[in-house]
Amino acid sequence: MEKHLKINISAGAVLLLAALYFILDWDGLAALLLAAAAHEAGHLAALRVMGGRVTSFRFDICGAVIERRGAPGTLAEAACAAAGPAAGAAYALIAARLGAHFGSGLLTLSAGLSLVLTAFNLIPAPPLDGGRIAEALLGRRVSGIIALAAAGLTLAAGLYAVARGCGAALLTAGAYLCLEQGRERP
């Protein structure tokens with residue numbers, strides 16, 4: 001018997017959406033959600049092509065997390081992880097063109113946010129897609145060293161950005177990545 005897909009929305013996810021609305025406004029939030037949806041659709045499509053099955057979809061303070069079964073293997077894991085950023089980059093190109101053609105600020109903003117999400121997700125540190133790709137292709141030991149370096153560099157770039165008056169978003173992301181590297185993974 002086929003089980004139903006579980007969708008979990010934590011209090012942290014609601015807090016994240018509220019914070020993003022506070023920072024972005026409705027148009028910015030809609031643009032970000034479109035970009036995130038394109039990214040997650042890439043993961044879902046790759047998982048389906050690889051023969052996997054989504055068991056749950058969780059939204060928490062860190063964003064969306066897809067729990068799955070199937071699609072085992074190194075290359076399948078790397079492909080499924082890479083599909084989100086690939087879809088995000090493709091969406092950014094399409095949204096930018098459509099935004100320019102129709103004069104849509106929402107699509108243009110969404111294209112830019114999609115590029116930022118794509119670049120951030122390619123940082124080779126778990127739990128980001130880049131970390132999953134590195135772990136699948138290089139193994140835990142080598143990817144762990146790379147992840148620590150990437151998290152540290154992100155933190156350093158964030159400190160530099162704060163010192164230059166560019167805001168604390170990158171600093172916060174770097175601190176989060178550093179903390180995540182100390183966490184036990186299954």
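A helix crossing is called left-handed if the near helix is turned anticlockwise from the far one by less than a right angle, and right-handed if clockwise. That wording comes in handy for the first view; keep in mind that everything shown here is a predicted model.

**View 1. Helices α4 and α5 cross in a right-handed way.** The two axes come within 7 Å and cross at roughly 145°. Sorted by type, the residues of this contact divide into four nonpolar, one polar and two charged. On the α4 side you'll find A134, E135 and L138, which meet R140, V142, S143 and I146 of α5. Look just after α4 for G139, which takes a positive phi of about 90°.

**View 2. Helix α4 has a set of buried residues.** The helix covers residues 129-138, and D129, G130, G131, I133, A134 and A136 are buried in it. What do the buried residues of α4 pack against? Their partners are α1 (11-49), α2 (74-102), α3 (105-121) and α5. A134 turns up again here: besides being buried, A134 is part of the contact with α5.

**View 3. Seven residues make up the largest nonpolar core.** They are I123, A125, L128, A147, A150, A151 and L177. Helix α5, residues 140-163, gives the most to this core, with three residues. Zoom in on A125 and you'll see contacts with G130, G131, A147, L177 and Q181, leaving aside residues up to four places away in sequence. Two of those partners, A147 and L177, are core members themselves, while G130 and G131 are buried residues of α4.

**View 4. A cis peptide bond sits between P126 and P127.** Its omega is about 10°. It's worth a second look, because most peptide bonds are trans. As for where to find P127, go to the loop between α3 and α4.

**View 5. N121 belongs to helix α3 and reaches residues of α4.** Is N121 buried or exposed? N121 counts as buried because its relative accessibility is 12%, and the cut-off for buried is under 20%. Leaving out residues up to four places away in sequence, N121 touches H39, P85, L128, D129 and G130. Of these, D129 and G130 are buried residues of α4, and L128 is part of the largest nonpolar core. For a backbone yardstick, use the C-alpha atoms of N121 and G131: they're ten residues apart along the chain and separated by 8.4 Å.

**View 6. S114 is another buried residue of helix α3.** S114 has a relative accessible area of 0%, so it counts as buried. Around it you'll find A35, G88, Y91 and A92, all touched by S114 when residues up to four places away in sequence are not counted.

**View 7. L24 and D25 are both partly exposed in helix α1.** L24 lies in α1, and so does D25. For L24 the relative accessible area is 24%; for D25 it is 42%. Both are partly exposed because each value falls between the cut-offs of 20% and 50%. Skipping residues up to four places away in sequence, L24 touches L29 and L32. D25 is the one to check in the backbone: it has a positive phi of about 80° although it is not a glycine. Why bother with that? Because most residues other than glycine have a negative phi.

**View 8. Three strands form an open sheet.** The order is β1-β2-β3, and the pairing is mixed. Which strands are at the edges? Those are β1 (6-9) and β3 (63-69), each pairing on one side only. On average, neighbouring strands are turned by 15° against each other, direction ignored.

**View 9. Strands β2 and β3 make a hairpin.** Two residues lie between the strands. β2, residues 53-60, runs antiparallel to β3, and seven bridges join the pair. If you want landmarks along the hairpin, D60 stands opposite G63 of β3, and S56 has E67 in β3 as its bridge partner. As a reminder for reading this view, strands of a sheet pair through backbone hydrogen bonds, either parallel or antiparallel.

Definitions and conventions
Residues are numbered from 1 along each chain as its sequence is written. This is a predicted model: local features need pLDDT of at least 70, side-chain atom pairs count only at pLDDT 80 or more; totals for chains, interfaces and linings use all residues. Side-chain values use heavy atoms; hydrogens and water are left out. A nonpolar core is a set of buried Ala, Val, Leu, Ile, Met, Phe, Trp, Tyr and Cys residues joined through side-chain atoms within 4.5 Å. Buried means under 20% relative accessible area, exposed over 50%, partly exposed in between (1.4 Å probe, protein chains only). Helices (H or I, at least four residues) and strands (E, at least two) are DSSP runs, numbered from the N terminus. Contact means heavy atoms within 4.5 Å. Axes are lines fitted to C-alpha atoms, for helices over the stretch in contact, and angles run from 0 to 180 degrees between N-to-C directions. Ala, Val, Leu, Ile, Met, Phe, Trp, Tyr, Cys and Pro count as nonpolar, Asp, Glu, Lys and Arg as charged, and the others, Gly among them, as polar. Two strands pair if DSSP finds at least two bridges between them.
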